[in-house]
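Please work through the following exercises with the sequence and the model side by side, attempting each task before reading its solution.

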Amino acid sequence: MKETAVTAAPAHLVPPAAVPPPAVPPPAPGAERHLALDFANSALVQPGGRLDLLESPAAAAQWLVDRDLAPVGAGLQEVCAARLRAFREQVRALLSSRIAALAAPPEALAAVNEALTSVPSAPLLLWDEVHGLHRAQPHPTDRVVDRALAVLAADAADLLTGPDAELLAACGSAPCTRHLLRTHAARHWCSVRCGDRARAARAYARRSQAKAD
């Protein structure tokens, strides 16, 4: 029987293997108590690459909906997602400066204060045929992001000025960039995975140093 030769396709015609996106780790300690901490950690770097939970308008809207910061079905435009990402960097800057005991960046302070004052601070007096006179926070569709930023700014201010500020820490396992609240004095990692990676790196460094000696 005649054999048929199989010719491999040129390398430039072979599609690259699909690379799965980095997995989202569990929330860092403290994220369940402070939305601002969860918000700051919505951009993260893992060994598999960078992950941004606010990368697109749809992703940003889902992040807000999942945390009751926007109504289901809220549609965001890219300009809205960009505002959230920009504000996140200001919150991260404030957390980092507090951890390092440095002066708070003026532009970050200005961003938080602007968000705090951009929406009514108290429920308004409203009337409709169903409820009659009542008080409620307005949720106009064109101000969804304003309200979300105000809530996040208030929580960031409470975190940075309250007792939990003393527990703030940056994850000590490179390349992770998340922040956390230390659940005990010795905790310096935002997840079990980061802790295991840091311990493995230290063990490798010790073995390498022993061989060098």
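**Exercise 1.** Determine which residues Asp 52 touches, not counting residues up to four places away in sequence, and whether Asp 52 is buried or exposed.

*Solution.* Start with the contacts, meaning heavy atoms within 4.5 Å: Asp 52 touches Ser 42, Ala 43, Arg 85 and Arg 88. This is a predicted model, in which local features need pLDDT of at least 70, side-chain atom pairs count only at pLDDT 80 or more, and totals for chains, interfaces and linings use all residues. Residues are numbered from 1 along each chain as its sequence is written, and side-chain values use heavy atoms, with hydrogens and water left out. Next, consider accessibility, where buried means under 20% relative accessible area, exposed over 50% and partly exposed in between (1.4 Å probe, protein chains only); Asp 52 has a relative accessible area of 13%, so Asp 52 is buried. Finally, look at the side chain of Asp 52, which reaches the backbone nitrogen of Leu 54 at 2.8 Å.

**Exercise 2.** Find where Asp 155 lies, and establish which side chain of opposite charge is nearest to Asp 155.

*Solution.* First locate Asp 155 in helix H5 (residues 144-161), helices being DSSP runs (H or I, at least four residues) numbered from the N terminus. Then inspect the charges, with Lys and Arg counted as positive, Asp and Glu as negative, and His and the chain ends not counted: the nearest side chain of opposite charge is Arg 33, 9.2 Å away. Asp 155 is buried yet has no salt bridge, a term that requires a side-chain nitrogen of Lys or Arg within 4 Å of a carboxyl oxygen of Asp or Glu.

Conventions: Polar contact = N/O pair within 3.5 Å; in protein donor to acceptor, adjacent residues only side chain to side chain.
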